[in-house]
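Colleague: Could you take me through one part of this model in detail? I would like to see how one pair of helices packs, and then what surrounds that spot.

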Amino acid sequence: LAQCLEYGLHKHIEKIEETCVNASKEYSLEKAFDAMEEEWKDLKFNAKEYKDTGTYILSGVDDIQQVLDDQIVRTQAMRGSRYIGPFQERCGKWEKTLNDLQEIIDSWLTMQGTWLYLEPIFSSDDIKKQMPKEAKRFAQVDKTFRDSMAQCVENPSVIAVATTEGLLDKLLKANELLDIIQKGLTDYLETKRVFFPRFFFLSND
């Protein structure tokens, strides 16, 4: 106490209090970032073998999505804090990781849903002959899907998948091809309906 008085600290109470408050708030933010990163350590994608295709499909991402939704909201709130200064870069990187993960999950599930629908169709040699362009495009998507699932099974860590270089671009490209394939398939079915009008009463499935 004598030293504090000797240094004249009692004359700078407001500045000292402000420094202490800032330090406390910054520490809280730092611990919050650490806790969010820690939360992902044990989270893994679940994959199960799919029939006799020789590959896997994602199964149940609800738990992952719940953590992701919560952390996206928390990170956005932290980004708006007046004490975020020292962690601006860390916050930006983490927010990008979370947003990339969200886009990866959305794109992956979209690709998987369409792949499940088209895989039995393009397993047919007859369809491959009648729709060679679409069959070739589907072969590209099929490779992307199988490679992605193989990597996921090998290392199912959610955060590892989220930071896989080039994965999101591959998934987006695959979904673009799937849209083209589905359009080609629709056009193909329309030509069949023209020759067999009774098919107009049937759904595409």
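Modeller: Helices H4 and H6 cross in a left-handed sense. Bear in mind that this is a predicted model. The axes of H4 and H6 lie 11 Å apart and meet at an angle of about 125°. That angle is neither over 145 degrees, as roughly antiparallel would need, nor within 65 to 115, the range for roughly perpendicular, so H4 and H6 count as oblique to each other.

If you would like to find the contact on screen, start on the H4 side with Trp108, Met111, Gln112, Trp115 and Leu118. Their partners in H6 are Phe138, Val141, Asp142, Thr144, Phe145, Arg146, Ser148, Met149 and Cys152. Sorted by class, this contact of H4 with H6 holds nine nonpolar, three polar and two charged residues.

H6 also packs against another helix, H8. The axes of H6 and H8 come within 9 Å and cross at roughly 150°. Because of that angle, H6 runs roughly antiparallel to H8. Here too the handedness can be stated: H6 passes H8 in a left-handed crossing. On the H6 side, the contact is made by Glu134, Arg137, Phe138, Gln140, Val141, Thr144 and Ser148. H8 contributes Leu167, Lys170, Leu171, Ala174, Leu177, Leu178, Ile180, Ile181 and Gly184. The class count for H6 with H8 is nine nonpolar, four polar and three charged residues.

Some residues are worth clicking on twice. Phe138, Val141, Thr144 and Ser148 of H6 appear in the contact with H4, and they appear again in the contact with H8.

Now let us follow H8 itself. Helix H8 covers residues 167-195, which makes 29 residues. At 1.5 Å a residue, H8 should span 42 Å, and its end C-alpha atoms are 43 Å apart, so the two values agree. Its buried residues are Leu167, Leu168, Leu171, Ala174, Asn175, Leu177, Leu178, Ile181, Gly184, Leu185, Tyr188 and Arg193. Among the elements covering them are H4 (88-118), H5 (125-130), H6 (132-154) and H7 (158-162). That brings us back to the pair we began with, since H4 and H6 are both part of this cover.

Just past H6, the loop between H6 and H7 holds Ser157. Ser157 has 15% relative accessibility, so it counts as buried, the cut-off being under 20%. Leaving out residues up to four places away in sequence, Ser157 touches Leu43 and Lys44.

For contrast, look at Lys51, in the loop between strand S1 (47-49) and strand S2 (56-58). Lys51 is exposed, because its relative accessibility is 68% and the cut-off for exposed is over 50%. Its phi is near 50°, a positive value in a residue other than glycine.

Finally, two residues to help you find your way around. Ser28 sits in helix H2 (residues 13-40) and is partly exposed, with a relative accessible area of 45%. Its C-alpha atom is separated by 54 Å from that of Phe122, 94 residues apart along the chain. His10 lies in the loop between H1 (2-7) and H2 and is also partly exposed, at 43%. From the C-alpha atom of His10 to that of Gly113 in the chain is 68 Å, with their positions 103 residues apart.

Terms used:
Residues numbered from 1 in each chain as written. Predicted model: local features only at pLDDT ≥ 70, side-chain atom pairs only at ≥ 80, totals over all residues. Heavy atoms only, no water. Helix = DSSP H or I, 4+ residues; strand = E, 2+ residues; numbered from the N terminus. Expected span 1.5 Å × (residues − 1). Buried < 20%, exposed > 50% of the residue type's maximum accessible area, 1.4 Å probe, protein only. Contact = heavy atoms within 4.5 Å. Axes fitted to C-alpha atoms, helices over the stretch in contact; angles between N-to-C directions. Parallel < 35°, antiparallel > 145°, perpendicular 65-115°, else oblique. Left-handed = near helix turned anticlockwise from the far one by under 90°. Nonpolar A, V, L, I, M, F, W, Y, C, P; charged D, E, K, R; others polar.
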